[in-house]
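Hi,

Here is the structure I promised to pass on. Have a look at it first, and then read my notes below.

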Amino acid sequence: FNNMLTAIVGYARMSGAALPPSHPISDHLQSIMQAADRATKLTRQLLVFSRRQPIEPKVFDLNDLVIDFDKMLRCLLEAEIELVILLATDPVPLKSDPTQMEQVLMNLAINARDSMPDGGKFMIETANVALGAEQASQLGGISPGEYVTLTVSDTGKGMSDEVRPRIFEPFFTTKEIGKGTGLGLATCYGAVKQNGGHIEVLSDPGRG
């Protein structure tokens, strides 16, 4: 599918280069390229969910990633939403693909924002944690050892018992038609699993 998209974009660009910018078809070609770009991003999300997206893991401090992403988060969140960041006092070394972790943080922020149309609080916390064999087995069978936790929370409308078990399903969404693809949380799930971690949700209606 990506190869087909590459051909579509390539032919659209060649056609655009052969026309003067004022030609009426130029706008149509631009729309074709924008649609192909959205389709490429959609494909990338599906690859992440299925854990087939190539990753480039490296060791970095999760605290640094959150700090560097602060400005982007403030742009994503509405002015009525308070951003609270609580970082671990010690370094939080994480071995994963930093680009995927940025995508996880961004998708979680967008979902939190959409659940708080009248404003509220969005909180990010980091911590180091050591998991024993019993704790690790309870978290989806990951291996015991040293881990970091990234916890995000909001004061939004929360989720019902019917919705909560389905939030990581691709294409499942409670948003209005045209407001969401249903891939944001599915992408988070795939990225965390592909990088050897675990993800879970705690939510109740009216409790964020």
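Phe171 sits in the loop that runs between β5 and α7 (184-194). The model is a predicted one, by the way, so please read everything here in that light. With a relative accessible area of 51%, Phe171 counts as exposed, because the cut-off for that is over 50%. Phe171 also belongs to a nonpolar patch on the surface, made together with Leu42 and Leu46 and covering about 250 Å².

Next, the sheet. Three strands, in the order β2-β4-β5, make up an open sheet with mixed pairing. The edges are taken by β2 (81-86) and β5 (145-154); each has a single partner strand, so one side of each has no neighbour in the sheet. On average, and ignoring direction, neighbouring strands here are turned by 15° against each other. Between β4 (residues 120-131) and β5 there are 10 bridges, and this pair is antiparallel. If you want one spot to click on, Ile124 has Val152 in β5 as its bridge partner.

There is another strand pair to look at: β1 (residues 58-61) and β3 run antiparallel and are joined by 4 bridges. Here Val59 is opposite Lys95 in β3. Which side chains of β3 are buried, and which are not? Over residues 93-96, Leu94 and Ser96 point to one face and are buried, whereas Pro93 and Lys95 point to the other face and are not. That fits the general pattern, as side chains in a regular strand alternate between the two faces of the sheet.

Two more residues are worth a click. The first is Val48, in helix α2 (residues 25-49). Val48 counts as buried because its relative accessibility is 1%, and the cut-off is under 20%. Leaving out residues up to four places away in sequence, Val48 touches Gln53, Gln100, Gln103, Thr187, Gly190, Ala191 and Gln194. Try Leu185 as well: Val48 and Leu185 are 137 residues apart in sequence, yet their C-alpha atoms are 11 Å apart in space.

The other is Ser115, which you will find in the loop between α5 (98-114) and β4. Is Ser115 buried or exposed? Ser115 is buried, at a relative accessible area of 14%. Apart from neighbours within four places in sequence, Ser115 is in contact with Asp154, Gly156 and Lys157.

Over to you!

Notes:
Residues are numbered from 1 along each chain as its sequence is written. This is a predicted model: local features need pLDDT of at least 70, side-chain atom pairs count only at pLDDT 80 or more; totals for chains, interfaces and linings use all residues. Side-chain values use heavy atoms; hydrogens and water are left out. Buried means under 20% relative accessible area, exposed over 50%, partly exposed in between (1.4 Å probe, protein chains only). Helices (H or I, at least four residues) and strands (E, at least two) are DSSP runs, numbered from the N terminus. Two strands pair if DSSP finds at least two bridges between them. Axes are lines fitted to C-alpha atoms, for helices over the stretch in contact, and angles run from 0 to 180 degrees between N-to-C directions. Contact means heavy atoms within 4.5 Å. Patches are made of residues with over 30% relative accessible area and no salt bridge: like charges are joined within 9 Å, nonpolar side chains (Val, Leu, Ile, Met, Phe, Trp, Tyr) within 5 Å. Accessible areas come from the Shrake-Rupley method with a 1.4 Å probe; for residues, only the protein chains shown count as cover. A salt bridge is a side-chain nitrogen of Lys or Arg within 4 Å of a carboxyl oxygen of Asp or Glu.
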